[in-house]
Amino acid sequence: MNNALLASIREADGRYLSDAELRPFDQMVEAFQTRINLYNHIRDHGKDLVLNALRRLMQTPHRQVVQEHAQQCQRDMTFTLEYVAKGILLHDEDGFMEEYLVWMQNIIRAFHRQSACVVAYRLLKEEVRTTLPSDQSNLMVVYLDKLTEALESGL
């Protein structure tokens, strides 16, 4: 459950939540099956999404990065998808930002691979857009956009 919903519960100490305060919970429940379906899809097909994005990255000027670091790229992108899936399931963009993006951004910058990673994650986003139903891809794109933005410009 995301931090905003937990904050609403904490702030209601000693009283019941109003209808307006309950609305985000209703929205979360309505979208939960989509989140579960997307989580399952990422779990079952994440490797294919990553491999397809890396194949496409081979067609760019970043070909050498893939040739030299294919295993690390695949591992990192798969790990990223695991964190994205967790964030989607929990409806927790803030947790994704706090737990993962800051760490990933620091690692990528230390190895001077920001530009190749930004292109790779944009290609992954295209894979998501073309292979997933729109309700699921829209959820996932939010996280991939946050990731590419953080890698490009910082948090």
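Student: What links Arg-56, Glu-126 and Glu-127?

Tutor: A network of salt bridges links them. First, the ground rules. This is a predicted model: local features need pLDDT of at least 70, and side-chain atom pairs count only at pLDDT 80 or more, while totals for chains, interfaces and linings use all residues. Residues are numbered from 1 along each chain as its sequence is written, and side-chain values use heavy atoms, with hydrogens and water left out.

Student: What makes Arg-56 and Glu-127 a salt bridge?

Tutor: The term needs a side-chain nitrogen of Lys or Arg within 4 Å of a carboxyl oxygen of Asp or Glu. Arg-56 and Glu-127 meet at 3.5 Å, N to O, so they qualify. The pair links distant parts of the chain: Arg-56 is in helix 2 and Glu-127 in helix 5, 71 residues apart. Helices here are DSSP runs of H or I, at least four residues long, numbered from the N terminus.

Student: Why is Glu-127 called buried?

Tutor: Buried means under 20% relative accessible area, exposed means over 50%, and partly exposed lies in between (1.4 Å probe, protein chains only). Glu-127 has 10%, so it is buried. Arg-56 has 30%, so it is partly exposed.

Student: Which residues form the salt bridge between helix 5 and helix 6 that is 20 residues apart in sequence?

Tutor: Lys-125 in helix 5 and Asp-145 in helix 6. Their N to O distance is 2.7 Å. Lys-125 is at 25%, so it counts as partly exposed. The whole structure has 8 salt bridges.

Student: What makes the pair of Tyr-83 and Tyr-100 stacked?

Tutor: Rings of Phe, Tyr and Trp (its six-membered ring) pair if their centres lie within 6.5 Å; planes under 30 degrees apart are stacked, over 60 edge-to-face, and the rest tilted. For Tyr-83 and Tyr-100 the centres are 4.7 Å apart and the planes are at 20 degrees, so the pair is stacked. Tyr-83 lies in helix 3 and Tyr-100 in helix 4, so the pair ties together parts 17 residues apart in sequence.

Student: Why is Phe-96 with Tyr-143 called edge-to-face?

Tutor: The planes of Phe-96 and Tyr-143 stand at 75 degrees, with 5.2 Å centre to centre, so both values meet the rule. Phe-96 is in helix 4 and Tyr-143 in helix 6, 47 residues apart. Phe-96 has a relative accessible area of 2%, so it is buried. Ring pairs join Phe-79, Tyr-83, Phe-96, Tyr-100 and Tyr-143 into a cluster.

Student: How do you know that His-62 is buried?

Tutor: Its relative accessible area is 17%, so His-62 is buried. His-62 sits in the loop between helix 2 and helix 3. Not counting residues up to four places away in sequence, His-62 touches Leu-57, Ser-115, Ala-116 and Val-119 (contact is heavy atoms within 4.5 Å).

Student: What is the span of helix 6 compared with the one expected?

Tutor: Helix 6 (residues 134–153) has 20 residues. The expected span is 1.5 Å times one less than the number of residues. For helix 6 that is 28 Å, and its first and last C-alpha atoms are 27 Å apart, which is close.

Student: Which residues touch the most other members of the largest nonpolar core?

Tutor: Ile-42, Met-77, Tyr-121, Leu-124, Met-140 and Leu-151, out of 36 residues in that core. Helix 2, helix 3, helix 4, helix 5 and helix 6 each supply at least two of its residues. A nonpolar core is a set of buried Ala, Val, Leu, Ile, Met, Phe, Trp, Tyr and Cys residues joined through side-chain atoms within 4.5 Å.
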